[in-house]
Amino acid sequence: MVAVNRVYAARLAGMVVLGPDGESIGRVRDVVISISVVRQQPRVLGLVLELLTRRRIFVPILRVTAIEPNAVTLTTANVSLRRFTQRPGEVLVLGQVLDTRVRVTDPELENLAGIDVVVVDMAIEQVRSRDWLVTRIAVRNSRRLGRRTTVHVVDWQNVAGLTPSALALPGQGVAQLLAQFEGQRPIEVADAIRELPAKRRYEVVNALDDERLADILQELPESEQAELLEQMDTERAADVLEEMDPDDAADLLGELGASRAEQLLARMDPEDSEPVRRLLKHSPDTAGGLMTPEPVVLAPDTTVAEALARVRDPDLTPALASLAFVARPPTSTPTGRYLGCVHLQRLLREAPSALVSGLAEKDPAALRPDTPITDVTRHLATYDLVAVPVVDENDRLLGAVSVDDVLDHLLPDGWRDVDAGSTDLADSPLPIESSEPIESSGVTGAPTGADRG
């Protein structure tokens with residue numbers, strides 16, 4: 001396969017990265033360049049790679065031996081696993097530059113003179129010194145959004161506005177980033193958002209719809225959830241909280257001051273705020289503070305066929321879908337008298353017309369909301385459970401604690417940020433996506449450009 005020495009950065013996004021022996025290391029998620037305050041040609045420092053573990057690391061451009069139409073090959077598979085952290089003077093092409101507004105000063109493009117244009121791509125090219133530089137910039141007229149417009153490719157020196165101060169201005173677009181996030185799981189988007197500069201992070205958050213943002217926030221540490229929530233106006237924050245699972249919303253509100261939490265609860269729909277208020281009454285280290293108030297609850301006259309339809313809900317976690325709780329009406333928590341639970345395996349073995357009231361079992365016993373987390377953990381482990389019911393003194397079902405709820409609280413703070421040192425990576429191959437560069441010429445060797453230091 002022919003290597004290239006000029007490629008457009010947006011075409012690298014998602015491209016597989018291989019070691020020298022063809023082993024898959026990860027995928028390209030961004031290109032790191034240096035942009036100086038003084039007018040100098042931007043230089044490529046390296047690539048941000050996402051490993052199979054979703055960790056994002058930095059690989060210096062000098063480690064790249066070839067960029068081919070479908071893959072990037074490194075000189076070695078021995079790379080630093082330290083999480084990528086952006087340094088002063090570094091700029092992310094996909095995360096910061098694309099979709100920003102600039103001005104074109106090319107005398108041959110008079111139709112673009114004096115108007116804002118949007119950067120849609122940047123060409124990086126290997127020069128005789130083996131360094132990689134930004135040589136060309138693809139732009140589009142920003143005044144005709146919603147209609148397909150002509151893309152103009154201009155030399156980098158004919159573009160004004162690519163400076164650190166200009167890139168820090170508010171109001172830049174995030175269309176390219178949102179396009180990258182399409183189809184990705186919330187945990188993957190959450191990891192990517194954490195790596196963005198603060199300004200870009202808030203722009204992405206503002207551009208996401210409430211439901212998608214709620215799913216992503218739930219995958220972030222609570223302190224970071226609170227930081228992002230505090231950047232929103234009260235109305236938007238309340239809307240996002242309504243879309244979150246009640247137990248996650250309660251944990252997040254617990255990170256805020258009491259007055260701010262009450263302000264947001266007051267703006268939420270009462271139907272959404274009421275279960276959150278009930279959870280906030282319990283200590284976070286008890287069954288009542290850990291539980292979700294929305295498990296699968298069935299009336300006694302529910303058939304097995306109907307029960308199986310309920311647990312097929314794709315929004316349920318595997319733990320909650322594995323166990324259905326039977327209670328007298330009302331079936332929304334707090335329910336009528338709790339009658340017992342039915343495991344998914346039992347439902348699969350019974351006739352579709354059978355009633356769940358005849359299948360419900362009260363063994364093992366339910367927990368009280370004030371049960372401490374140590375006892376909850378012991379209970380789950382003793383009986384090999386993935387979820388356990390929580391009932392009040394009147395035997396009404398209040399919710400259920402799942403094993404993932406317990407793990408979230410038992411893992412140490414900052415467990416997502418544990419850094420590792422360098423190691424040799426030889427992971428199972430990833431499927432290679434087709435991604436051809438816009439332009440190509442020549443064959444690359446091993447670049448010898450400046451390292452990140």
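Which residues have the most contacts inside the largest nonpolar core? The points below take up that question and then move outward to the cavities, a helix, and some local backbone features.

1. This is a predicted model, and the remarks that follow should be read as statements about that model. The protein chain holds 18 helices and 20 strands, and buried residues make up 51% of its 453 residues. Of the contacts in the chain with a separation of 6 or more, 64% are between residues 24 or more positions apart.

2. The largest nonpolar core has 50 residues, and those with the most contacts inside it are Val204, Leu229, Met232, Leu241, Leu253 and Val401. Taking Val204 as an example, and leaving out residues up to four places away in sequence, this valine touches Val174, Leu177, Leu178, Phe181, Ile193 and Leu196. There is also a second, separate core, made of 47 residues, which includes Ile57, Met122, Trp156 and Leu162.

3. Helix α9, which spans residues 234-243, can be read together with that first core, as Leu241 is among the residues with the most contacts there and is also one of the buried residues of α9. The others that are buried in this helix are Thr234, Arg236, Ala237, Ala238 and Val240. An α-helix has 3.6 residues a turn, so residues three or four places apart point the same way. The buried residues of α9 pack against five helices, namely α6 (198-207), α7 (210-217), α8 (222-230), α10 (246-254) and α11 (258-267). At the N-terminal end of α9 the cap is Asp233, with a side-chain oxygen 3.2 Å from the backbone nitrogen of Glu235.

4. How many cavities of 30 Å³ or more does the count give? The count comes to two, and the largest of them encloses about 120 Å³ of space. It is lined by 13 residues, of which Arg29, Asp30, Arg56, Ala192 and Leu196 are the closest to its centre. Both β3 (24-34) and α4 (175-181) give two or more residues to this lining, and α4 gives the most, with three residues. By class, the lining of the largest cavity divides into seven nonpolar, two polar and four charged residues. Leu196, named here as close to the centre, is also one of the residues that Val204 touches.

5. The second largest cavity holds about 50 Å³ of space, and its lining has eight nonpolar, two polar and no charged residues. The residues that line this cavity are Leu323, Cys341, His343, Pro364, Ala365, His379, Leu385, Ala387, Val388 and Pro389. Strands β17 (338-343) and β18 (387-391) each supply at least two of them, and the largest share, three residues, comes from β18.

6. Two cis peptide bonds deserve a look, given that most residues other than glycine have a negative phi, and most peptide bonds are trans. In one of them, Asp363 is joined to Pro364 with omega near 5°; Pro364 sits in the loop between α16 (344-349) and α17 (373-382), and is also part of the lining of the second largest cavity. Another cis bond joins Thr333 and Pro334, where omega is about -10°, and Pro334 is found in the loop between β16 (323-327) and β17.

7. Positive phi values also occur outside glycine. Arg54, in the loop between β4 (43-51) and β5 (56-60), has a positive phi of about 80°, and with a relative accessibility of 27% this arginine counts as partly exposed. Asp99, in the loop between α2 (93-97) and β10 (101-104), has a positive phi near 80°. Is Asp99 buried or exposed? Asp99 counts as buried because its relative accessibility is 11%, under the 20% cut-off.

8. Two further polar or charged side chains are buried. Glu90 lies in strand β9 (residues 90-92) and counts as buried at 8% relative accessibility; a polar atom of its side chain lies 2.9 Å from the backbone nitrogen of Arg87. Gln184, in the loop between α4 and α5 (186-194), is buried with a relative accessible area of 13%. Leaving aside neighbours within four places in sequence, Gln184 is in contact with Arg29, Val189 and Arg212, and Arg29 is one of the residues closest to the centre of the largest cavity.

Technical notes:
Residues numbered from 1 in each chain as written. Predicted model: local features only at pLDDT ≥ 70, side-chain atom pairs only at ≥ 80, totals over all residues. Heavy atoms only, no water. Core = buried A, V, L, I, M, F, W, Y, C linked by side-chain atoms within 4.5 Å. Buried < 20%, exposed > 50% of the residue type's maximum accessible area, 1.4 Å probe, protein only. Contact = heavy atoms within 4.5 Å. Helix = DSSP H or I, 4+ residues; strand = E, 2+ residues; numbered from the N terminus. Polar contact = N/O pair within 3.5 Å; in protein donor to acceptor, adjacent residues only side chain to side chain. 1 Å grid on protein atoms, 1.4 Å probe; cavity = no way out; pocket = protein on both sides within 12 Å on 5 of 7 lines; lining within 4 Å. Points joined across faces, edges and corners; volume = space filled by probe spheres on them. Nonpolar A, V, L, I, M, F, W, Y, C, P; charged D, E, K, R; others polar.
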